Amino acid sequence: MHHEFQTDNPFDSFAGVWRRVTTEPRSFFQDMPVSGGLQHPLLFMTICLALGSLGFLIFGPRGLALWFFAGGIVRAFVGAAILMVAARQLFAGVGDYEATFRVLAYASAPAALLWIPLIRPLVALYGLFLVIVGLERVHGFDAVKSVLTVLLGVIAVAAIGWVLGGCCGWLPMPMMRRGW
């Protein structure tokens, strides 16, 4: 049973954790440790983002690959802070930054498939579902509070992106126009 990504056998561990997150999310997040450092979840997320970026490099749009990877890492760190503050301040959540980051990192599992055009919207929605399920567990929420926390987080990230002059998760507009 894979409770968390391990570096001693990275290929089997990644495959087991990815499968478990995507097919048994409630069970995975229930068993997921809420502490133990950011290294293992960050490595898992990095692999998921790298696989998604590789898909964009091979099948296009190629210019999205680097922004997808780098933006995904930044969004996880910033998003964890935003979600944790919303969860704790507005809904009396009990999770800390580390637990919230762990949820975002493991909920990035579908990002490995985001390069596939026909299923991209479904993959993105499933990623949001995973965040909702994970936040329920680490913050001691019901589904409504978890959904509201994610909704407020999405609005906050969109506002920050707008203020910074970007779109699509902080992808600068000039890059989008050039087709990078």
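## A nonpolar patch on the surface

In this predicted model, seven names are worth finding on the surface: L113, L118, I119, L122, L125, L128 and V154 make a nonpolar patch of about 660 Å². Helix α6 gives the most to this patch, with three residues.

A good place to start looking is L122, which is found in helix α6. With a relative accessible area of 58%, L122 counts as exposed, because the cut-off for that word is over 50%.

## Salt bridges, and one that joins two helices

Now let us turn from nonpolar side chains to charged ones. Side chains of opposite charge can pair when their charged atoms come close. This structure holds six salt bridges, and a few of them are described here.

One of them brings together the side chains of E136 and R26, at 3.3 Å from N to O. E136 lies in helix α6 (residues 120–139) and R26 in helix α2 (residues 25–31), so this pair ties together parts that are 110 residues apart in sequence. Helix α6 therefore appears twice in our tour: it holds E136, and it also gives three residues to the nonpolar patch.

How buried or exposed are the two partners? E136 is buried, with a relative accessible area of 16%, while R26 is partly exposed at 49%. The value for E136 falls under the 20% cut-off for buried, and R26 sits in between that and the 50% cut-off for exposed.

## A pair within helix α5

Another salt bridge joins the side chains of E98 and R102, with 3.4 Å from N to O. This pair belongs to a single helix, α5 (residues 97–106). Because E98 and R102 are four residues apart in that helix, about one helical turn separates them. Both residues are buried.

## A network of four residues

Salt bridges can also be followed from residue to residue here: R19, R20, E24 and D31 are linked in a network. Within this group, the side chains of R20 and E24 meet in a salt bridge of 3.5 Å, N to O.

Which of these two partners is buried, and which is partly exposed? R20 is the buried one, at 2% relative accessibility. Its partner E24 is partly exposed, with a relative accessible area of 31%. As you look at the structure, the four names R19, R20, E24 and D31 are a handy set to pick out together, since salt bridges link them.

Methods: Residues are numbered from 1 along each chain as its sequence is written. This is a predicted model: local features need pLDDT of at least 70, side-chain atom pairs count only at pLDDT 80 or more; totals for chains, interfaces and linings use all residues. Side-chain values use heavy atoms; hydrogens and water are left out. Buried means under 20% relative accessible area, exposed over 50%, partly exposed in between (1.4 Å probe, protein chains only). Helices (H or I, at least four residues) and strands (E, at least two) are DSSP runs, numbered from the N terminus. Patches are made of residues with over 30% relative accessible area and no salt bridge: like charges are joined within 9 Å, nonpolar side chains (Val, Leu, Ile, Met, Phe, Trp, Tyr) within 5 Å. Accessible areas come from the Shrake-Rupley method with a 1.4 Å probe; for residues, only the protein chains shown count as cover.
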